[in-house]
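Trainee: Could you take me through one part of this model in close detail? I'd like to see how the pieces of it fit together.

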Amino acid sequence: MSDIYDLIADLEGHLENAKKVPFTTQYVIDRDAAVSILQTIRDALPEEVREAKRVLAQESRILQDAKKHADNVMAEAEAKSRAQRIESDQRATLLTTNAKKSADEMVAEAQRQADEIIDGAEHKAEELVAQTSVAIRAEQQAGEMLIKARAESQRTTMAAYDHVGDLLSRVEDLAIEVANDLRNARLQIDQER
């Protein structure tokens, strides 16, 4: 490169020593000498400078290819995120529907059992009351049985509601987990940008 610097200094010397044209701002230089120096500088440029010039000429195409690739990656990431969100929504809807159906069935079964217990107790109470010599005692026993039956019915109903509450709590935890999965997927996509 020192040869190039010498050639540039030589060209500067020609320009500095050029004679001024009177009454103008122009100068007279030896055109053939200047062109010869410039051609020598061009020939002396290393291959790397010529290669850099070719790379710069391709810069626009490279940038367009990179942008196209980035757009494709973003489109794929967004499509994947949409698909995951739809799948998670569908899973959460299915789980909620199944949990509600199961809870409704359990409450209905608990109510049926409670009605059965009360009906049985009332029937037994009626039988006891209908008997002759022990009518008063039978009425007392029937009342006690009815109280017990109602207490059992209340306990069965409360157990069913507790079970339903546990089911809904599990569904809520699962929904939170699904939401966290979605948030993590979105954060991962944002980080990959």
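**A close look at helix H2**

Mentor: Let's take helix H2, residues 31-44, and start with its length: at 1.5 Å a residue, its 14 residues should span 20 Å, and the end C-alpha atoms are indeed 20 Å apart, so the two agree. Keep in mind that this is a predicted model.

Now look at which residues of H2 are tucked away: Ala33, Ala34, Ile37 and Ile41 are buried. These four sit on the same side of H2, because they cover an arc of only 100° around the axis. The spacing makes sense, since an α-helix has 3.6 residues a turn, so residues three or four places apart point the same way. Turn to the other side of H2 and you meet Arg31, Asp32 and Asp43, which are exposed.

The start of H2 has a nice detail too. There, a side-chain oxygen of Asp30 comes to within 3.3 Å of the backbone nitrogen of Asp32.

While you're looking around, check out the surface patch formed by Leu15, Tyr27 and Ile29: it's nonpolar, and together the three have about 300 Å² of accessible area. Leu15 belongs to helix H1, residues 2-16. With a relative accessible area of 47%, Leu15 counts as partly exposed.

For a contrast, go to Thr157 in helix H4, residues 135-192. Thr157 has a relative accessible area of 18%, so it is buried, the cut-off being under 20%. A polar atom of the Thr157 side chain lies 2.8 Å from the backbone oxygen of Ser153.

Key
Residues are numbered from 1 along each chain as its sequence is written. This is a predicted model: local features need pLDDT of at least 70, side-chain atom pairs count only at pLDDT 80 or more; totals for chains, interfaces and linings use all residues. Side-chain values use heavy atoms; hydrogens and water are left out. Helices (H or I, at least four residues) and strands (E, at least two) are DSSP runs, numbered from the N terminus. Buried means under 20% relative accessible area, exposed over 50%, partly exposed in between (1.4 Å probe, protein chains only). A polar contact is a pair of N or O atoms within 3.5 Å; within protein, one must be able to donate a hydrogen and the other to accept it, and residues adjacent in sequence count only if both atoms are side-chain atoms. Patches are made of residues with over 30% relative accessible area and no salt bridge: like charges are joined within 9 Å, nonpolar side chains (Val, Leu, Ile, Met, Phe, Trp, Tyr) within 5 Å. Accessible areas come from the Shrake-Rupley method with a 1.4 Å probe; for residues, only the protein chains shown count as cover. A salt bridge is a side-chain nitrogen of Lys or Arg within 4 Å of a carboxyl oxygen of Asp or Glu. The expected span of a helix is 1.5 Å times one less than its number of residues. The arc is that of the directions from the helix axis to the C-beta atoms.
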